[in-house]
Amino acid sequence: MAEKPYITLSGDGKGKYSEKKSDFLGFAKHVTRESEAIAYIAAIRKQYSDARHHVYAYLLTEGNATRYSDDGEPQGTAGPPVLDVLAKRGVRDAVVVVVRYFGGTLLGTGGLVRAYTEAAKLAVEDAGVVTLIPFAVYTVDTDYGDYQKLIAECKKIGVTVQDSVFTDRVVTTCSLPKEKSDDFMLRMRDLFGGRVTPEYVEERLGAGM
């Protein structure tokens, strides 16, 4: 199945939002499996075990998994707003946990929704988002003379050289946005006169420029 571009978190993030002496600590992380999301939630819960609530939400490509928990807050005032932060930005493969330290004053339904939303937003913004696009990976088998020409051409056209294995010949692994594959093959044919043919390996997702 061909990969499709999608938006996810580019790293880990955190943020803090306070209202009426209650502190809401937001944490966000890129994950690809439900087991990773569950482990992250457990780690935050353990680290902040003295907090009143540990609200979470995650949205995964794998199994189209979407989960959230209000963790004792009034139904719909915590988990759904956190999930909504991810959904509205189109972010997938991400988990967000918001830890609440109760300040003694009830915030009401509107106050809770606002606080959990803001803490989640701050964590996601701190993590940053990135659009992953399909990349095609090729290996190119050349002699040593053609290898230098290959490297120069890759630099010229923005192809990423991932690895080169040197024996009696050189096998180079490179990747490029899938949409540029046809142009890459034409350039290789023109550059080497047909004596070098890149071999397709796989398609994977990577960060677009």
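**Exercise 1. Which residues of helix α3 are buried in this predicted model?**

*Solution.* Start with the cut-off: a residue is buried when its relative accessible area is under 20%. Going along α3, the residues that count as buried are G111, L112, A115, Y116, T117, A119, A120, A123, V124 and A127. Now look at the spacing in that list. An α-helix has 3.6 residues a turn, so residues three or four places apart point the same way.

**Exercise 2. How many residues does α3 have, and what span does it reach?**

*Solution.* Begin with the count: α3, residues 108-127, has 20 residues. Next, take the span from the first C-alpha to the last, which is 29 Å. Finally, set this beside the expected value: 29 Å is close to the 28 Å expected at 1.5 Å a residue. Just after the helix comes G128, with a positive phi near 85°.

**Exercise 3. How do helices α2 and α3 cross, and which residues meet there?**

*Solution.* First find α2 at residues 79-89. Its axis and that of α3 come within 8 Å and cross at roughly 45°. That angle lies outside the ranges for parallel, perpendicular and antiparallel, and the two helices are therefore oblique to each other. As for handedness, α2 passes α3 in a right-handed crossing.

Then list the partners. From α2 come P81, V82, V85, L86 and R89. They meet V113, Y116, T117, A120, K121, V124 and E125 of α3. Sorted by kind, the residues of this contact give 8 nonpolar, 1 polar and 3 charged.

**Exercise 4. Where are K21 and N64 found, and are they buried or exposed?**

*Solution.* Take K21 to begin with. It is found in the loop between β2 (13-19) and β3 (22-30), and its phi is positive, near 70°. K21 has 73% relative accessibility and so counts as exposed.

Now turn to N64, in the loop between β4 (53-59) and β5 (66-69). Its phi is near 50°, again a positive value in a residue other than glycine. N64 counts as exposed because its relative accessibility is 63%. To put both angles in context, most residues other than glycine have a negative phi.

**Exercise 5. Where is Y147, and which residues is it in contact with beyond its neighbours within four places in sequence?**

*Solution.* Y147 sits in helix α4, residues 144-157. At 12% relative accessibility, Y147 counts as buried. Leaving aside neighbours within four places in sequence, its contacts are T142, S164, F166, V170 and T172. One last check concerns E125: Y147 is 22 residues from E125 in sequence, and their C-alpha atoms are 43 Å apart in space.

Note on methods
Residues are numbered from 1 along each chain as its sequence is written. This is a predicted model: local features need pLDDT of at least 70, side-chain atom pairs count only at pLDDT 80 or more; totals for chains, interfaces and linings use all residues. Side-chain values use heavy atoms; hydrogens and water are left out. Axes are lines fitted to C-alpha atoms, for helices over the stretch in contact, and angles run from 0 to 180 degrees between N-to-C directions. Angles under 35 degrees count as roughly parallel, over 145 as roughly antiparallel, 65 to 115 as roughly perpendicular and the rest as oblique. A crossing is left-handed if the near helix is turned anticlockwise from the far one by less than a right angle, and right-handed if clockwise. Contact means heavy atoms within 4.5 Å. Ala, Val, Leu, Ile, Met, Phe, Trp, Tyr, Cys and Pro count as nonpolar, Asp, Glu, Lys and Arg as charged, and the others, Gly among them, as polar. The expected span of a helix is 1.5 Å times one less than its number of residues. Buried means under 20% relative accessible area, exposed over 50%, partly exposed in between (1.4 Å probe, protein chains only).
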